[in-house]
Each structure stands twice: as structure tokens, then as C-alpha cells.
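Visitor: I would like a close look at a single helix in this structure, followed by an account of the surroundings in which that helix sits. Please take the part slowly before moving outward.

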Amino acid sequence: MQKTLIVGGLMFAALATTALSGCSRPASAGPRPDPQAALDIRKRLEGNVVEAGSDLAAPAAAAAESSATGWATLKGTFKLVGNPPAPRQLNVDKDTEVCGKGAGIQDNSLLVASDKGIANIVLYAKAKRVHDSAKPLAEGNSAEPIVFDQKQCMFLTHVLACQVNQKIDVKNSDPIGHNTKIDPAKGVPFNQNLPSGNSVAYSPSDEEALPATISCSIHPWMRGYLMPRKDKYFAVTKPDGSFEITNLPAGEEIEVQVWHERGTGAGGALVLANKDLKWTNKGRFNIKLDADQTKDLALEVPETAFK
Amino acid sequence: MNRVAFFRFVLCCVSPLLFAGCGKYDPPQFSLNMVAIAKQQLPFDQQQEVSNILDGMFGTPDKPFVLGQGKSIADSETGLDPKKLAVAAGPVRSDEFGRETGLYRRHCGHCHGTTGDGLGPTAMLLNPYPRDYRPGKFKFKATERAAKPTRADLELIVRHGVQGTAMPAFGLLPDAQVDALVEYVKYLSIRGQVELRLIDAMAELGQDEKLQLTRANLVDEILKPIVESWNTANESIIKPEDKPDVELATSIDKGRELFYGTKGNCAKCHGPSALGDGQTSDYDDWTKPVTELASDLRGEEERLRTDTDLSNEDRVALKMHVALASQALKADSLPPRTAQPRNLRQGIYRGGRRPVDLYRRIYAGINGMPMPAVGPASPGAKGTMEPDEIWSLVDYVLSLPYESISQPPHHQPATLSKANF
């Protein structure tokens, strides 16, 4: 009888497994939509619901902001605390007769000066009121083009911040051919063949939340970044780690985004444990400046902020 | 109780289980783009919001929806025809007149996936992987690099397939069915691109800020530019200048010079013998988010192991993201493969073998790929090659499969006979 029970038990287990397998829900990643919430959104977008609240509240808020006047400057320095991480190994295996001649090709993803200043940190501010000198550029503007050059298989500008619609002259000063590929998340992508000595025009079509990668498909170690913003409230730290953004509106809450290509936050956001500025894990802080104020920030970056 | 009766009893108890739970139709769901979500580190409530908005704007795989009910198709927000979508969507079936619906799931879904993410059940067996429509980038088309394909481009791919890949030719489908499928691919692509924009918009929000679900934010800001790019594709068709009247041998010689020189740079990637072995370590734009997320994940795991100063709060946050990222990589991506430059000696051209197809490939490059453009980057700008030079390159590339070293070696009867007897 005991044997029968064991056999029966095994049979039961086998059949139960068969019964349950194959009935699993279809694989779908992420949370399933909430039907009622989806329907509400649909009604709203179809215009069947009069939108209340946000639109009515907006002008009032704008009126409150517009009463503020005056302009201010935000500046500061990023300094590394601790030791810079070891440079990455680059595999320079192509066109070696040209690439990295002289100084050689070094990993420039994290440049720390002798006084621990950190270069190539990008900052931009989101402000409601915009000073005349920082207004967006129109399409087809006559602003002087920025030259974005490459020599000995390195981009001469590693991180370039500019305004939307700014003309950029993508240039190749090498005796060999390159191609330049720019991959913005929102704007028009670019990937042009660049014969020796040639240049091709490009201008970013949209503002981005984080810098776009610039690369060369022929020489995979070549890497640069482009940060296009509509208004002129951006800066890239100099080799000594300093930056300055002028003519920011005073009297309003300004959000500042900070980025470095090796930042550990999402998309490279630079996350500091700075309690005074309430630095977020998205690499942002808010600041309110007084008219004619020059706010100077001394920012300490621990080595763990870099990946 | 004897043994037979006992077995009967067990069988009676168990057999209903075999059928229980299998009868209910559980409609398939669209998946979220978890790789993009993990890259932007969206918290769960924002993932839920993205899911709700997409369902509101686009419906489900069984019941697709497009905004602008009651308006004409041209006036509607997406420009998509709900009737065509209804034919392509839903489960596979046909009515008493033989009219078929569920065409996408019948012909496409097993490779391209229900969501159009290129993650169907057969996808991982294929090389190259099936196209993921969600980034809104298409490789083989007649338009400028960054432009969307035209309707005719997509129809051509559906009808003729993509040579050298698993994409078969659906030339036997009636025109109306091809038309419906193309409409559905557009629908999935627009939906996927809206999803990516939504994820980015969520990531841009400040602390405690919520995305206002208004027409201005969702339709005007996100949906409209994407639809606009589809609607204007016809304006960016590349129309090559006539081929100059040059002797073929001369043109081929000129093409060879460009191919190997520093002007064309072709050999850098296609290799010194045009075998496609010059540069094989790069990834295409569909794979890059996956490789980047994988590299982020490795760094985070390393940090969890080595960084002893992490605060408890940071450690929990890091662990949560590690879990999200590894799940996304496991369930929402395929093992990354590098982009392979084409072996030009085989005479297999994925985007079509007509000279005009090759001209457009060289002129605009291949969208989403390392292959760069030699034509102007924007209308009115100057490219790095003249039309007659592009035509010479076309002639040279088309001549490559006919060079003697491209032919397979002849077998040698003498050696064979020695081996066999």
C-alpha cells in the first residue's frame, strides 16, 4: 500500500506540473497599465474633459515670478577629494603612424589637475526668466561657427557645450580619414565621413537633458560629448575645475544639473553628498540668487562619485 | 481499496487540473522598454505612469487605439488609420468570408515581438536580430539619413524581405494586407518612440515633481514631432543625379581609389580586402543602450562589493537599481552583438541591389549604424563627395563580387581522389 501511495504521489506531482506549466502569463516586462487611469488619460487627451488646475494656475505663478528683477552670477570650483582613479587602458590599434603621435593617446575621461581641480564637468541651469545675452539662437543665425577639430585621432575639444542652432564646423586636421558620429537622444543624429583636411557643418536641432556622445566609428577610442541647450545658461569646467554662469535671473528658484562622463548617477549625473545644496541623486541642486550677487561654490567631489 | 481503484481515484482527482486555468484567454500586453527605464533609473510609480499613458494613447495589442476619434485620418493626431490597424492587430483569425485579421501576430510577431521590440520568441535564434521599431530608426530606405522611411520603403521591405537576413519576402500577401502591416509597424514605432520620450521626460522631472498629463505635454510636446517626421518622409527622398557617361572600367578604377583612400575611408571598416573585417568592435544604436546599461551594472556591482563607506540608504538604492538593471538585461534584451560591416564580395545587399539603392546607402550612410554619410548632412549643406564620385563607388562595389578572388575556390579532383581512394 505504501508503494502505491508513493507511485500515486509521484503521478499526482507529475500531472500537477503538467497542468500548471504552459498556463503562465505571457511575458511582459514592467508594470501593467491601470485600465481606469489609462481611460482617464485618453478622455483628457481626446479633449472630452476640460482641463482644470494646471493651466489656470500657470499664469498666476508666472505673474508671481515676473515681479522679480535683477541678475546674478553662479561660479565655483570642483575639487577631487582623495586620489584620482587609475586611467583606463585604450586599445590604439589602428593608423598608429598618425594616431597619438607625440604625446600619445591618453585616457582623458577624467582629467584632474595637480591642485585636484576636475575638468570637463558640465553644468546647466533651468531658469524661467532669461537675460538678453543668454537668449536662444534662431535657426539660420549668423553666430560665428565653433570649430570642432580632431588631430592625431583625438577630439581637440573633449566636452563641448553650445546653444541649439549654433553652427559647428566638424573638422578633420589629420592626414587620415575619420568619421564623426553624434548621437543626441532628442535631436537629429549625425554621422558623416570626414576625409583628411575636410570639414562638415552641423548644428544641434534640439536641447538635450544630458550630453550626446560624439564618436568615430573608425577609431573606437575617440570620444567626445556635446551638450546643446536653448539658452546660454551652461558651463564646462576648465582644467582647474572652475566654472562661471553669468546673468542668471535673481529671485527665482533655479535648478542646476551637473554631469560628468564618469558620473555614477543615471546617464552620468554627478552625485555629490552635498547637504547644504540638497544635491539629488540625479545630480541636481536648486539655488536662489539675489540681484547682483556672485555666488561662489567650493564643491568637493569624492573619488566614489566617478565610475 | 485495491490498487486499480486507487489509481482511478487519483486520476479523477487530477485530470480536471490539466484543463483548469488554460481556458481563459489572457490578452497579450505591450512590454515596457525596461532597458531605457533602467538606464534612467525610473522608480516604480513612474514606470506605472508611463504604462498608463501609453495604454491611454495607444490601447493594447488586441485593441489598438489612436487619438482623434471622430476626426478624419489626415486631421488625427497620429495620421494612422484605425481600420487598417484593426486588421493587423489582435489574435490570428478569419471570418466566414475568409477575411483575415491578426496579421501582425501571424506574420511578424514571433520575431519582432508583440511590442515591436525585436524580442519575439524566435529573435534570439536569428543573426542579425530582428529590427526593434521602438527607437524609430530604420536602415534601408530611400530618404535622408535621419529621416523616417516612406510608406513605399516599408512596403518594399515587407514584399521583398531583406536579403542575407531571416526577414522573408511577403510578396504573396494581397496589397491590402501589406498596407495594413505597414500601418501597424508605423503604429508600433510611433508608440515606441513616444515611450522613449516619456521615459526621458519622467527622468527630467525634479524631486517631487509630477508630469502634468495635459495635451500640451503629451500630444504637442511628445507625439506631434514624431508623427510629423513620419508625415514628411516623402520630402526627404534622395534623388541621385544622373549617372555620368563614363566608361565602366574607368569608373571602377576611380571607385577603387576612393574606397582605399583617405577620402572614402571605406576600407577602414569594410577591410583591406572588402571582406567586412576592418572594424568589428563597434555596436549599432539599438545595441548601445544595452551595452551601456551592462557596463553601468558591472560598475555598480563592483561598488557594492568594494565600497565600504556606502551609507545604508545608498546601499539599498544601489541594490534596487542593480536588481532593476539585471532584470531588464535578462528579460528585455538579447546578448549584444557587434555591428558587422558588410562583406562586399558576396554580392548580398540587404537594402537592395539596384545601383540607386547602393547610391543611397553611400550618400546617407545607414541610420543607426557606424556607416557614415558622404552626402550633405542637411539640405543645402556640402557633403564630402560629389555625385559622380558616389557613382564610381557604386560601380566599384558592384564589381567586387565578380573579381576572381571573390569566387569560391574550385575543388581539385586530384586531391579528392587521393582522399577517397
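Guide: What follows begins with one helix of chain B and then turns to the contact between the chains, the nonpolar cores and the domains of chain A. Please keep in mind that this is a predicted model.

The helix is H12 of chain B, which runs over residues 288-306 and so has 19 residues. From its first C-alpha to its last, H12(B) reaches 27 Å, close to the 27 Å expected at 1.5 Å a residue. Within H12(B), the residues Pro289(B), Leu293(B) and Asp296(B) are buried. Seen down the axis of H12(B), the buried residues fall within an arc of 60°, and therefore they line one face of the helix. As background, an α-helix has 3.6 residues a turn, so residues three or four places apart point the same way. On the other side of H12(B), Ser295(B), Arg298(B), Glu302(B), Arg305(B) and Thr306(B) are exposed. The cover over the buried residues of H12(B) includes H2 and H13 of chain B.

Those covering helices lead on to the contact between the chains, in which 67 residues of chain B meet 61 residues of chain A. Among the helices of chain B that each supply at least two residues to the side touching chain A are H2 (34-39) and H13 (312-331). The largest share of that side of chain B, 10 residues, comes from H3(B). By class, the side of chain B that touches chain A holds 31 nonpolar, 22 polar and 14 charged residues.

Turning to the interior, the largest nonpolar core has 83 residues, of which Val122(A), Leu123(A), Ala161(A), Leu248(A) and Ile390(B) touch the most other members. Helix H15 of chain B (residues 387-399) gives the largest share of this core, 6 residues. Ala161(A), when its neighbours within four places in sequence are left aside, is in contact with Val122(A), Met227(A), Phe234(A), Ala235(A) and Val236(A). Apart from this core lies another, of 65 residues, which includes Leu54(B), Ala88(B), Leu181(B) and Leu198(B).

Chain A, finally, is divided into domain 1 (70-90 + 109-135 + 237-307) and domain 2 (137-230), and the C-alpha centres of these two domains of chain A lie 23 Å apart. Their contact takes 8 residues from domain 1 of chain A and 9 residues from domain 2 of chain A. On the domain 1 side of that contact in chain A, the classes are 4 nonpolar, 3 polar and 1 charged residues.

Definitions and conventions:
Residues numbered from 1 in each chain as written. Chains lettered and ligands numbered in written order. Predicted model: local features only at pLDDT ≥ 70, side-chain atom pairs only at ≥ 80, totals over all residues. Domains from an automatic or database assignment. Contact = placed C-beta atoms within 7 Å. Nonpolar A, V, L, I, M, F, W, Y, C, P; charged D, E, K, R; others polar. Helix = DSSP H or I, 4+ residues; strand = E, 2+ residues; numbered from the N terminus. Expected span 1.5 Å × (residues − 1). Buried ≥ 20, exposed ≤ 12 C-beta atoms within 10 Å, placed from the backbone. Arc of directions from axis to C-beta. Core = buried A, V, L, I, M, F, W, Y, C linked by C-beta atoms within 7 Å.
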